[in-house]
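Colleague: I should like to go through this structure with you and ask, for each term applied to it, on what grounds the term is used. Please set the computed values against the criteria as we proceed.

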Amino acid sequence: MRTPQAAGQNFVYVEPGIASCPTAPASTAGSKTVPRGTPVVGSIRVTCGFDKGSYTVTLNSTDPGAAFSPKTFLVNFGRIVGKGGFAVTFSTVGVHSVSATVTSNMGSPAVRGHFASPDNAFKVVHP
């Protein structure tokens with residue numbers, strides 16, 4: 001039997017000073033409750049920045065046992081390679097968050113912005 005996926009987290013890239021960039025999304029109150037072992041779907045979106053090269057976006061969690069599918073994304077000259085969707089499965093009960101970091105590839109200049117999400121806290125409970 002397949003386990004249903006929990007509502008997830010959506011990241012958007014924001015960078016101050018670039019008019020085409022969205023503003024950081026407002027934070028929602030509280031954390032979402034998800035059963036341990038249930039995939040939580042999410043996405044990353046890039047609508048500005050990243051136009052000067054190639055970059056790797058890596059997802060991380062405060063849960064050291066969290067599993068991502070996929071864990072990394074490639075962004076080439078402003079476009080995500082692929083659809084930008086992911087799933088994270090938490091393995092440790094407690095409150096955890098997910099974050100996204102950016103690494104420059106092949107000498108590309110660093111980006112000045114960051115990924116933001118209004119839904120960053122997950123209360124992981126026993127199924």
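Colleague: Which strands form the open sheet, in what order, and what is the pairing?

Modeller: The model is a predicted one. In it, six strands make up an open sheet, ordered β2-β11-β9-β4-β6-β7, with mixed pairing.

Colleague: What makes β2 and β7 edge strands?

Modeller: β2 and β7 (79-80) each have a single partner strand, so one side of each is left without a neighbour in the sheet.

Colleague: How do you know that β6 and β7 are paired?

Modeller: Two strands pair if there are at least two bridges between them. Two bridges join β6 (residues 72-76) to β7, so the criterion is met, and the two strands run antiparallel. Val75 stands opposite Ile80 of β7.

Colleague: What is the direction of β11 relative to β2 and to β9, parallel or antiparallel?

Modeller: β2 and β11 are joined by four bridges and run parallel, with Thr33 opposite Lys123 in β11. β9 and β11 are also joined by four bridges, but run antiparallel; here Ser97 stands opposite Ala121 in β11.

Colleague: What makes the side chains along β11 an alternating set?

Modeller: Phe122 and Val124 point to one face and are buried, whereas Ala121, Lys123 and Val125 point to the other face and are not buried. In a regular strand, side chains alternate between the two faces of the sheet.

Colleague: Why is the contact of Arg112 with Glu15 called a salt bridge?

Modeller: The closest N and O atoms of Arg112 and Glu15 are 3.3 Å apart. The cut-off is 4 Å between a side-chain nitrogen of Lys or Arg and a carboxyl oxygen of Asp or Glu, so the pair qualifies. The structure holds one salt bridge.

Colleague: Which parts of the chain does the salt bridge tie together?

Modeller: Arg112 is in the loop between β9 (94-105) and β10 (114-116), and Glu15 is in the loop between β1 (6-14) and β2 (32-35), so the pair ties together parts that are 97 residues apart in sequence.

Colleague: Why is Arg112 called exposed, and is Glu15 buried or exposed?

Modeller: The limits are under 20% relative accessible area for buried and over 50% for exposed. Arg112 has 63% relative accessibility and therefore counts as exposed. Glu15 has 9% and therefore counts as buried.

Colleague: How is Gly85 classed by the accessibility criterion?

Modeller: Gly85, in strand β8 (residues 85-89), has a relative accessibility of 39% and so counts as partly exposed. Beyond four places in sequence, Gly85 touches Gly42, Ser43, Pro70 and Phe73.

Colleague: What makes the side chains of Ser117 and Gln9 a polar contact?

Modeller: The cut-off for a pair of N or O atoms is within 3.5 Å, and the contact between these two side chains is at 3.5 Å. The side chain of Ser117 also has a polar atom 3.1 Å from the backbone oxygen of Asn10. Ser117 lies in the loop between β10 and β11 (121-125), and with 16% relative accessibility it counts as buried.

Colleague: How do you know that Cys21 and Cys48 form a disulfide?

Modeller: Their sulfur atoms are 1.7 Å apart, and the criterion is a distance within 2.5 Å, so the pair counts as a disulfide. The structure holds one disulfide. Cys21 lies in the loop between β1 and β2 and Cys48 in the loop between β3 (39-45) and β4 (54-61), so the link ties together parts 27 residues apart in sequence. The link is right-handed, with 95° about the S-S bond, and both Cys21 and Cys48 are buried.

Colleague: Why is the aromatic pair of Phe90 and Phe122 called tilted?

Modeller: There are seven aromatic pairs in the structure. In the pair of Phe90 and Phe122 the centres are 5.5 Å apart and the planes form an angle of 35°. Centres must lie within 6.5 Å, and planes under 30 degrees apart count as stacked and over 60 as edge-to-face, so this pair falls into the tilted class. Phe90 is in the loop between β8 and β9 and Phe122 in strand β11, 32 residues apart; both are buried.

Colleague: Which residues form one aromatic cluster?

Modeller: One aromatic cluster is formed by Tyr13, Phe50, Tyr55 and Phe115.

Definitions and conventions. Residues are numbered from 1 along each chain as its sequence is written. This is a predicted model: local features need pLDDT of at least 70, side-chain atom pairs count only at pLDDT 80 or more; totals for chains, interfaces and linings use all residues. Side-chain values use heavy atoms; hydrogens and water are left out. Buried means under 20% relative accessible area, exposed over 50%, partly exposed in between (1.4 Å probe, protein chains only). Contact means heavy atoms within 4.5 Å. A polar contact is a pair of N or O atoms within 3.5 Å; within protein, one must be able to donate a hydrogen and the other to accept it, and residues adjacent in sequence count only if both atoms are side-chain atoms. Rings of Phe, Tyr and Trp (its six-membered ring) pair if their centres lie within 6.5 Å; planes under 30 degrees apart count as stacked, over 60 as edge-to-face and the rest as tilted.
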